[in-house]
Amino acid sequence: MGAFAVKDLTWQGEQMSEGALVLLDLYGQNHDGELWERPYVFDPGRFVGVSVGRDDLVPQGGGDPHTGHRCAGEAVTMAILRTLAVQLAQLDYTVPRQDLTISLRRVPTRPRSGFIISDVRLRAERADLRSGGPKGQGAASR
Ligand code: HEM
């Protein structure tokens with residue numbers, strides 16, 4: 001994540017001139033062994049019941065959005081993801097063979113083939129609910 005220094009400054013001993021390009025190493029931050037246990041392991045459960053520091057997990061920037069440049073859409077994004085993640089977890093799908101390697105030279109980065117899924121379907125038990133459910137209520141919608 002990059003920005004230009006708006007004036008000459010010294011930050012944590014580093015001198016920067018006005019106009020210098022400053023890059024925040026998000027990959028380094030997200031894989032910092034001082035912050036995260038087993039940082040290279042995909043483990044969403046690591047966040048359960050844990051309060052994460054404001055400037056530790058920074059997918060949408062760090063600092064305070066009211067006084068800095070942290071993402072102004074973070075609250076709405078998180079609200080959407082909280083709802084969407086539950087819906088997506090109710091799907092079964094197939095992940096065909098593809099290139100899921102990630103280039104660290106591309107900004108923003110992403111798996112080379114994106115993330116292709118096929119044969120998307122509701123889990124069997126959810127399909128039961130769609131056809132009326134045990135008490136004939138609660139149809140899930142897609
Ligand atoms: C997954 C979704 C999103 C991600 C990963 C994301 C990430 C970011 C990042 C990294 C920044 C730069 C922070 C910085 O420079 O310190 C940013 C800024 C910003 N984002 Fe987002 N964002 C997302 C969604 C949104 C949405 C939905 C909105 C609006 C509804 C939004 C509005 C903004 C605005 C206005 C800024 C500029 C803030 C400023 O410079 O003061 N973002 N976002």
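**View 1. Gln12 and its exposed position in the loop between β2 and β3.** Gln12 is exposed, having 4 other C-beta atoms within 10 Å, where a residue counts as exposed if 12 or fewer other C-beta atoms lie within 10 Å of its own, as buried if there are 20 or more, and as partly exposed in between, with C-beta atoms placed from the backbone. The residue sits in the loop that connects β2 (9–11) with β3 (14–16), and its phi is positive, about 50°, although Gln12 is not a glycine. Strands are DSSP runs of E with at least two residues, helices are runs of H or I with at least four, and both are numbered from the N terminus. The model is predicted, so that local features require a pLDDT of at least 70 and side-chain atom pairs count only at pLDDT 80 or more, whereas totals for chains, interfaces and linings use all residues. Residue numbers start from 1 along each chain as its sequence is written.

**View 2. Arg38 in the loop between α1 and α2.** Arg38, in the loop between α1 (26–30) and α2, has a positive phi of about 45° although it is not a glycine. Arg38 is exposed, with 9 other C-beta atoms within 10 Å.

**View 3. The surroundings of the ligand.** The residues around the ligand are Met1, Pro59, Gln60, Gly61, His69, Arg70, Cys71, Ala72, Gly73, Val76 and Thr77, a residue being near a molecule if its C-beta atom, placed from the backbone, lies within 6 Å of it. By class, this shell holds five nonpolar, five polar and one charged residues; Ala, Val, Leu, Ile, Met, Phe, Trp, Tyr, Cys and Pro count as nonpolar, Asp, Glu, Lys and Arg as charged, and the others, Gly among them, as polar.

**View 4. Helix α2.** Helix α2 (residues 74–88) has 15 residues and reaches 20 Å from its first C-alpha to its last, close to the 21 Å expected at 1.5 Å a residue, the expected span being 1.5 Å times one less than the number of residues. The helix is hardly covered, since the count of buried residues among its 15 residues is zero.

**View 5. Strands β5 and β6 with the loop between them.** β5 and β6 run antiparallel and are joined by three bridges, where two strands pair if DSSP finds at least two bridges between them. Asp92 has Arg121, in β6, as its bridge partner, and β6 is hardly covered, with zero buried residues among its five. The loop between β5 (91–94) and β6 (118–122) holds Val107, which is exposed with 9 other C-beta atoms within 10 Å; Val107 and Met1 are 106 residues apart in sequence and 8.7 Å apart in space, C-alpha to C-alpha. Gly114 is also found in the loop between β5 and β6 and is exposed, with 10 other C-beta atoms within 10 Å. The C-alpha atoms of Gly114 and Leu100 are separated by 7.2 Å, the two residues being 14 residues apart along the chain.

**View 6. Residues 134–142 and the confidence of the model.** Over residues 134–142 the pLDDT, which is the predictor's confidence in each residue from 0 to 100, stays under 50, and the model has eight contacts beyond four places in sequence for them. Two residues are in contact if their C-beta atoms, placed from the backbone, lie within 7 Å. The chain averages a pLDDT of 87, and 87% of the residues score at least 70.
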